[in-house]
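Work through the exercises below with the sequence and the coordinates open. Try each task before reading its solution.

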Amino acid sequence: MTATGRMFELLRRQKRAVFSKASHLAQARLGAGLYFLLTGAFGDEKTAVMQGNHLHFSGERLGNHRMFLRRSVHRIEKGLISRPMRKSFAADYIEGTLETYVNLRNAETEDKGELQWARDVLARYFESTLQSTDDRIIRARKRWHGTDHAPSIVSDDLSPFPYHAISSEKAFDEVSRVAMNRRSVRWFKPDVVPREVVERAVQVGLTAPSACNRQSYRLELIGQGDLLDEVASIPMGTAGFAQQIPLLGVLIGQHRGYEHHRDRHAIYVDGGLFSTGFILALESQGVSSCCINWPEIPSLNKRMSAALGLQRDERVVMLIAIGYGIDGQEVPRSHKRNIGTVLSWR
Ligand SMILES: Cc1cc2nc3c(=O)[nH]c(=O)nc-3n(C[C@H](O)[C@H](O)[C@H](O)COP(=O)(O)O)c2cc1C
């Protein structure tokens, strides 16, 4: 090792020793607060969460917030399926929900199905609450009947429906075969993955559960050029294989769907669930992938925001390298934990 190398190694050890000592502060609540205050950790996250809360409240006030509509419609659906169904429910947000639906129903949008879902659920809500004497519900119903509604475009009805469980050995075998075959693949052929293949996988990802059905994330896919080189080189975890990733997904969470900072983890949970379906659906079509960690480092946040033009409530959840893997390449065994070590029955 050279003298400079030795010096860096010494500095690295010193730094670890300082962090190790500082971590003792965590044993006292105040100590942990002080530690994070001094290091400035969570700064970007706090800003994004607050910006999200702000966008939520201002959108709700203006009556044009899609996430508010999604959440409200979801809550109404839960009211409709509750047993027994109450005579009055959703009274405190029905007028705001209707206002938002009315404002958005003619808006240019790529998702007309979302508006049909809102319309069909609201239609059922107003039929189901006829017995209610709550002024807010009565007022909203009157407005509902005075509003013109677009025709159905997705299917006849997008309100609650009868569910039937699938029970089939074949389905289990297929799901587990795809899941067991999946591995993080880092070495790819240069072949282009057709858009339809990726879009089919996104469709599966979108079936994932999400907090109040907000689905507050989006996926940027970068397939070529300088932008691919730039973005692939930003996270630290791509070192050594960044240059040959043919398609890179950046999964971006949006805090704008949330009014409370207590929900600040929802974008990561929803994004993680989306990704699971997405990468399994890629795998089932012969397309490999590797999730890439997004480290919480302000300078990297800045670079990624500049490269992709992220909005202030948007946070990178993770990146996903996508492509046709070189056949027969070795992959880490990444032996999985025994179920006994993660599962306990009580
Ligand atoms: C959130 C997350 C972040 C990851 N980050 C990286 C990364 O930065 N670089 C990398 O090479 N692999 C990364 N991986 C892949 C893991 O190393 C891999 O999933 C793990 O070792 C299990 O192996 P398997 O995916 O082949 O089952 C990441 C995986 C996840 C889920």
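**Exercise 1. Locate two backbone oddities in the loop between α4 and α5, and one in another loop.**

Step 1. Start with Pro84, which sits in the loop between α4 and α5. The model is a predicted one. The peptide bond from Arg83 to Pro84 is cis, with omega at about -10 degrees.

Step 2. Stay in the loop between α4 and α5, where Ala90 is also found. Ala90 is not a glycine, yet its phi is positive, at about 65 degrees.

Step 3. Classify Ala90. A residue is buried if 20 or more other C-beta atoms lie within 10 Å of its own. Ala90 has 25 such atoms, so it is buried.

Step 4. Move to the loop between α2 (29–39) and α3, which holds Phe42. Phe42 is another non-glycine with a positive phi, here about 75 degrees.

Step 5. Classify Phe42. It counts as partly exposed because it has 13 C-beta neighbours inside 10 Å.

**Exercise 2. Describe helix α4: its length, its buried residues and what covers them.**

Step 1. Take the ends. Helix α4 covers residues 66–80, 15 residues in total. From first C-alpha to last it reaches 21 Å, close to the 21 Å expected at 1.5 Å a residue.

Step 2. List the buried residues of α4. They are Met67, Phe68, Leu69, Arg70, Arg71, Ser72, Val73, Ile76 and Glu77.

Step 3. Look for the cover. The elements over these buried residues include α3 (43–62), α5 (91–104) and α6 (112–128).

**Exercise 3. Work out the strand order of the sheet and find its edges.**

Step 1. Read the order. Four strands make an open sheet, arranged β1-β2-β4-β3, with antiparallel pairing.

Step 2. Find the edges. β1 (217–222) and β3 each have a single partner strand, so one side of each lacks a neighbour in the sheet.

Step 3. Get the twist. On average, neighbouring strands of this sheet are turned by 25 degrees against each other, direction ignored.

Step 4. Count the bridges. Strand β2 (residues 247–254) and strand β4 (residues 314–323) are joined by eight, and run antiparallel. β3 and β4 have five bridges, also in the antiparallel sense.

Step 5. Pick out single pairs. Gln254 has Glu314 of β4 as its bridge partner. Leu248 is bridged to Ala321 of β4. Cys290 is bridged to Ala321 of β4 as well.

**Exercise 4. Decide how enclosed β3 and β4 are, and which helices lie across the sheet strands.**

Step 1. Check β4. Nine of its ten residues are buried, so β4 is largely enclosed by the rest of the structure.

Step 2. Check β3. Four of its five residues are buried, so β3 too is largely enclosed by the rest of the structure.

Step 3. Add the helices. Helix α10 (residues 225–232) lies across β1 and β2, at about 65 degrees to β2. Helix α11 (residues 266–284) lies across β1, β2, β3 and β4, at about 10 degrees to β4.

**Exercise 5. Characterise the shell around the ligand.**

Step 1. Find the nearest residues. The shell has 13 residues, and Ser184, Gly237, Cys291, Asn293 and Ser334 come nearest to the ligand.

Step 2. Sort the shell by class. It has seven nonpolar, four polar and two charged residues.

Step 3. Ask which element gives the most. That is strand β3 (residues 288–292), with three residues.

**Exercise 6. Place Asn301 and find a partner far away along the chain.**

Step 1. Assign the element. Asn301 belongs to helix α12 (residues 298–308).

Step 2. Test for burial. Asn301 has 21 other C-beta atoms within 10 Å, so it is buried.

Step 3. Take the distance. Asp44 lies 257 residues from Asn301 along the chain, and their C-alpha atoms are separated by 8.0 Å.

**Exercise 7. Summarise the protein as a whole.**

Step 1. Count the elements. The protein has 13 helices and four strands.

Step 2. Get the dimensions. The C-alpha trace spans about 80 × 55 × 50 Å along its principal axes.

Step 3. Give the buried share. Of 346 residues, 28% count as buried.

Step 4. Consider the contacts with a separation of 6 or more. Residues 24 or more positions apart account for 84% of them.

Technical notes:
Residues are numbered from 1 along each chain as its sequence is written. This is a predicted model: local features need pLDDT of at least 70, side-chain atom pairs count only at pLDDT 80 or more; totals for chains, interfaces and linings use all residues. A residue is near a molecule or strand if its C-beta atom, placed from the backbone, lies within 6 Å of it. Ala, Val, Leu, Ile, Met, Phe, Trp, Tyr, Cys and Pro count as nonpolar, Asp, Glu, Lys and Arg as charged, and the others, Gly among them, as polar. Two strands pair if DSSP finds at least two bridges between them. Axes are lines fitted to C-alpha atoms, for helices over the stretch in contact, and angles run from 0 to 180 degrees between N-to-C directions. Two residues are in contact if their C-beta atoms, placed from the backbone, lie within 7 Å. The expected span of a helix is 1.5 Å times one less than its number of residues. A residue is buried if 20 or more other C-beta atoms lie within 10 Å of its own, exposed if 12 or fewer, and partly exposed in between; C-beta atoms are placed from the backbone.
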